[in-house]
Structures are given as structure tokens and as C-alpha cells.
Amino acid sequence: MCGICGFITKFESRHEELRHSLVAMTDSLSHRGPNNSGTWTDIQNGVYLGHRRLSIIDLSEAGKQPMHSQDNRYVITFNGEIYNYKEIRSELENI
């Protein structure tokens, strides 16, 4: 199971310290996701997301998180367990 962490803050001026804290939080979850790690920050809005990846089905770099939408408007980090992904994929391919 993957590891997810993050926080929201108003302390924009302490970005480097907060970024260091995010990396430390993410690293502390290495037992939850030994295959990869990633972080994402939005300094202006004070959003910090971290992820540790346990690769089971998708071993490619396409599964690296936090994930960005194609237009980079949205960012998500999640466990990645979508149990009905085959059905959803089939529906989306038929649109």
C-alpha cells in the first residue's frame, strides 16, 4: 500500500523549511512505498503533497505521483487502487 502525506499552510515565507519537512514526512513513509517517491508544492497557495509508491500493476514511470492532468491544472496523489480500472478504461475508450 502506498504512503501519502501533505499539508496546507499560510507560511509562504518559510517555503524551504516547509519543503524540507515535506520531504522528511515522505521519507518516513518509505516502508509503505519503497519503489518511488515524489513531492509537489504550490507555494502561492501553501499546498504541499508527498507520495511513496508501491508498484504492483503499473511498473512504468506513468504511475509516478503526485500526478498532473494533461493541462497541469489539477494535481492528485492517491493510493492508486482502482479496482474496476478495466471497466472504466473500456468505457473511456468508447467515448
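**A nonpolar patch, a hairpin and two loops**

On the surface of this predicted model, Ile56, Ile57, Ile82, Tyr85, Ile88, Leu92 and Ile95 make a nonpolar patch of about 770 Å². One of these residues, Tyr85, belongs to helix 2, which covers residues 85-93. With a relative accessible area of 37%, Tyr85 is partly exposed, and because residues enter a patch when their relative accessible area is over 30% and they have no salt bridge, this value of 37% meets the area condition for Tyr85.

From the patch we can turn to the paired strands. Strand 2, made of residues 36-42, and strand 3, made of residues 47-53, run antiparallel and are joined by seven bridges. In one of the pairings, Asn36 has Arg53 of strand 3 as its bridge partner. The hairpin that these two strands form has four residues between the strands, and in this hairpin Gly46 takes a positive phi near 70 degrees.

Further along the chain, the loop between strand 3 and strand 4, the latter being residues 67-68, holds Pro66. The peptide bond that joins Gln65 and Pro66 is cis, with an omega of about -5 degrees.

The loop between strand 4 and strand 5, where strand 5 is residues 75-76, contains Asn72. Although Asn72 is not a glycine, its phi is positive, at about 60 degrees. Is this residue, Asn72, buried or exposed? Asn72 counts as exposed, because its relative accessibility is 53% and the term applies to values over 50%.

Definitions and conventions. Residues are numbered from 1 along each chain as its sequence is written. This is a predicted model: local features need pLDDT of at least 70, side-chain atom pairs count only at pLDDT 80 or more; totals for chains, interfaces and linings use all residues. Side-chain values use heavy atoms; hydrogens and water are left out. Patches are made of residues with over 30% relative accessible area and no salt bridge: like charges are joined within 9 Å, nonpolar side chains (Val, Leu, Ile, Met, Phe, Trp, Tyr) within 5 Å. Accessible areas come from the Shrake-Rupley method with a 1.4 Å probe; for residues, only the protein chains shown count as cover. A salt bridge is a side-chain nitrogen of Lys or Arg within 4 Å of a carboxyl oxygen of Asp or Glu. Buried means under 20% relative accessible area, exposed over 50%, partly exposed in between (1.4 Å probe, protein chains only). Two strands pair if DSSP finds at least two bridges between them.
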